[in-house]
Amino acid sequence: MHATLPLLEVSDFPAIRRERLETLQVNLGYKCNQTCVHCHVNAGPTRTEEMDRETMHTVLRYLEASAVGTLDITGGAPELNPSFRWLVEQSRALGRHVIDRCNLTVLLLPAQRDLAAFLADNRVEVVASLPYFRPAQTDAQRGDGVFARSIEAIRTLNALGYGEPGSGLALNLVFNPVGAFLPPKQAAIEAQFRRELERREGVRFNRLYTITNMPISRFLEFLLTSGNYAAYMERLVATFNPAAVPGVMCRSTVSVGWDGALYDCDFNQMLELPVGADAPAHIRDFDLERLAARRIVTRKHCYGCTAGAGSSCAGATA
């Protein structure tokens with residue numbers, strides 16, 4: 001696999017600074033039951049990196065001592081970490097809102113058949129990737145049969161109240177393009193997904209977030225091998241939108257790696273770009289004052305979050 005950082009090192013991306021910290025995004029490990037071609041984490045069944053219980057205890061100690069209101073759990077498939085459910089329960093006991101970034105098919109694994117009910121019982125928000133409302137595009141990006149299994153998982157969640165008005169159980173889908181394109185307007189594609197998934201599959205969801213594919217890891221390999229890298233990067237830079245900058249996730253979120261290392265965002269984590277030398281490097285040394293209002297570590301990939309309508313973990317930013 002090509003080294004990513006050297007391709008992104010030279011950048012004139014404008015300086016941005018952190019604002020109020022609202023979310024702690026924690027990566028529980030890179031193990032996943034899928035191997036998606038767009039995955040910036042390079043996750044898969046053979047990955048062994050995994051957050052241990054001691055590091056999770058440190059995360060919880062910080063949550064308890066801080067005003068951070070949301071724990072955003074990601075991976076890999078974070079549910080495959082043996083301590084995933086424990087972390088969810090402890091975080092909810094602290095009164096924190098918990099997000100599970102779920103690939104949907106993990107809910108159908110034999111060992112995880114009660115996972116959907118667990119998420120509902122703990123009022124966990126589910127954010128799940130679904131590349132398209134037709135099987136061909138989804139399977140091309142995520143693997144044969146993934147669309148059918150994803151729809152089955154959504155039906156299971158719907159039966160528990162997820163995606164239903166007034167239930168308080170949020171099911172939000174994530175759309176990212178299959179190829180080297182920017183996402184369409186979020187409101188328009190959300191309306192199309194809602195209509196087509198209801199008509200074709202009889203399933204429902206709350207929101208749809210559009211996210212730009214980042215030139216990192218497997219998607220970078222696709223760009224290079226298909227000859228699209230230069231044109232894609234030029235498109236990201238050319239469509240830079242200053243109005244998208246205020247809403248990028250790094251301004252209100254800190255990313256915690258599976259080993260407890262701190263990053264300004266999940267993408268920097270995959271590039272092994274830690275927070276700057278003037279800030280704490282590990283969750284055990286977390287110091288909000290030293291993180292607040294400091295300059296965020298940026299490189300050329302940051303244009304991906306600020307191109308067009310913008311892109312963050314909660315979708316478009318402008």
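In this predicted model, Cys302 has a relative accessible area of 12% and is therefore buried, the cut-off being under 20%. Cys302 sits in a loop, with α11 (288–291) on one side and α12 (303–306) on the other. Between the C-alpha atoms of Cys302 and Asp278 there is a separation of 21 Å, the two residues being 24 apart along the chain.

A buried residue is also found in a strand. Ser129 belongs to β4, which spans residues 125–129. The relative accessibility of Ser129 is 14%, so this serine counts as buried as well. Once neighbours within four places in sequence are set aside, the contacts of Ser129 are Cys102, Leu104, Arg142, Val174 and Asn176.

Turning to the nonpolar interior, the largest core holds 93 residues, and within this core Leu24 and Phe193 touch the most other members. For Phe193, again without the neighbours within four places in sequence, the residues in contact are Leu130, Pro131, Tyr132, Phe133, Phe175, Glu198, Phe205 and Leu208. Apart from this core there is a second one, made up of five residues, among them Ile99, Val174, Tyr209 and Ile211. Val174 thus offers a pleasant link between two parts of this description, being a member of the second core and a contact of Ser129. As a general background, nonpolar side chains in soluble globular proteins tend to be buried together.

Helix packing can be followed in the pair α2 and α3. Two packed helices are described by the angle between their axes and the distance between the axes. Helix α2 covers residues 53–65 and helix α3 residues 84–93; their axes come within 11 Å and cross at roughly 15°. Because this angle is under 35 degrees, α2 is roughly parallel to α3. The handedness of the α2 and α3 crossing is right-handed. On the α2 side, the contact is formed by Arg53, Met56, His57, Leu60 and Leu63, while α3 contributes Trp86, Leu87, Gln90 and Ser91. By residue class, the contact of α2 with α3 comprises five nonpolar, three polar and one charged residue.

Further along the chain, helix α8 runs over residues 217–225, and its buried residues are Ser217, Arg218, Phe219, Leu220, Glu221 and Leu223. This buried set includes Arg218 and Glu221 alongside Phe219, Leu220 and Leu223. After α8 comes Gly227, which has a positive phi, near 75°.

Methods
Residues numbered from 1 in each chain as written. Predicted model: local features only at pLDDT ≥ 70, side-chain atom pairs only at ≥ 80, totals over all residues. Heavy atoms only, no water. Core = buried A, V, L, I, M, F, W, Y, C linked by side-chain atoms within 4.5 Å. Buried < 20%, exposed > 50% of the residue type's maximum accessible area, 1.4 Å probe, protein only. Contact = heavy atoms within 4.5 Å. Axes fitted to C-alpha atoms, helices over the stretch in contact; angles between N-to-C directions. Helix = DSSP H or I, 4+ residues; strand = E, 2+ residues; numbered from the N terminus. Parallel < 35°, antiparallel > 145°, perpendicular 65-115°, else oblique. Left-handed = near helix turned anticlockwise from the far one by under 90°. Nonpolar A, V, L, I, M, F, W, Y, C, P; charged D, E, K, R; others polar.
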